[in-house]
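Me: I would like a close look at a single helix in this protein. Please describe its geometry, its packing and its surroundings in one connected answer.

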Amino acid sequence: MKTRIKWIEDVCLLAESDSGHGVIIDGAPEIGGKNLGVRPMEMLLMGLGGCTSMDVLSILKKQRQNITDCQIEIEAERATEIPKIFTKIHLHFIIKGQNLKESAVERAISLSAEKYCSASAMLEKAAEITHDFEIIAEN
């Protein structure tokens, strides 16, 4: 896996993935940015959310759960001193669907967290990661 980061101007960067996709990374105005893109640490949380979402959706589909929507709200705390690493991360899953089994959702999230999610496995070495979920039933 490879990626390339290209400087655009000030603290604005273009990150390009090996798969041919790009995203703008920028800083806050107080550090010379123009707020044109996500911050690098935000991108880490986005990566975590994307990684675990793919796992959970795949597991729930294999369990034949009728999912209509999946969202994760992620909140994180950072150290106060440099390097300001994440110290706590909480993922709140909101799963919508028909006749969803609570045990299936709980198992999918646990399997992702404990076995499959590479991003979670890396970040848990520095931060306490917690999860919870809610199921919204649809008719």
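Reply: The helix taken up here is α1, and the account goes from the whole chain to the helix and then to single residues.

The model is a predicted one. The protein has 3 helices and 6 strands, and from the N terminus the elements follow the order β-β-β-α-β-β-α-α-β. Along the principal axes, the C-alpha atoms fill a box of roughly 50 × 35 × 30 Å. Of the 139 residues, 32% count as buried. Taking contacts between residues at least 6 apart in sequence, 52% join residues at least 24 apart.

Helix α1 has 23 residues, which at 1.5 Å a residue should span 33 Å; the C-alpha atoms at its ends are 33 Å apart, so the two values agree. Just after α1, arginine 64 has a positive phi of about 60 degrees.

The buried residues of α1 are Leu45, Leu48, Gly49, Thr52, Ser53, Asp55, Val56, Ile59 and Leu60. These buried residues pack against β4, β5, α2 and α3.

Next, the pairing with α2. The axes of α1 and α2 come within 9 Å and cross at roughly 135 degrees. The two helices are therefore oblique to each other, and their crossing is right-handed. On the α1 side, Thr52, Asp55, Val56, Ile59 and Leu60 make the contact; on the α2 side, Ala104, Val105, Ala108, Ile109, Leu111, Ser112 and Tyr116 do so.

Threonine 52 lies in helix α1. Its relative accessibility is 3%, under the 20% cut-off, so threonine 52 counts as buried. With neighbours within four places in sequence left aside, threonine 52 is in contact with Ile72, Leu91, Phe93, Ser112 and Cys117.

The helix also takes part in the largest nonpolar core. That core has 24 residues, of which Leu48, Val56, Leu60, Ile89, Leu91, Phe93 and Ile95 touch the most other members. The elements giving two or more residues to this core are α1 (40-62), β4 (66-78), β5 (86-98), α2 (102-116) and α3 (118-123). In soluble globular proteins, nonpolar side chains tend to be buried together.

Isoleucine 95, one of the core residues just named, shows the surroundings from another side. Apart from neighbours within four places in sequence, isoleucine 95 is in contact with Val56, Leu60, Ile67, Asp69, Cys70, Leu100, Val105, Glu134, Ile135 and Ile136. Val56 and Leu60 are also among the α1 residues that make the contact with α2, and Val105 is among those of α2.

Key: Residues numbered from 1 in each chain as written. Predicted model: local features only at pLDDT ≥ 70, side-chain atom pairs only at ≥ 80, totals over all residues. Heavy atoms only, no water. Core = buried A, V, L, I, M, F, W, Y, C linked by side-chain atoms within 4.5 Å. Buried < 20%, exposed > 50% of the residue type's maximum accessible area, 1.4 Å probe, protein only. Helix = DSSP H or I, 4+ residues; strand = E, 2+ residues; numbered from the N terminus. Contact = heavy atoms within 4.5 Å. Expected span 1.5 Å × (residues − 1). Axes fitted to C-alpha atoms, helices over the stretch in contact; angles between N-to-C directions. Parallel < 35°, antiparallel > 145°, perpendicular 65-115°, else oblique. Left-handed = near helix turned anticlockwise from the far one by under 90°.
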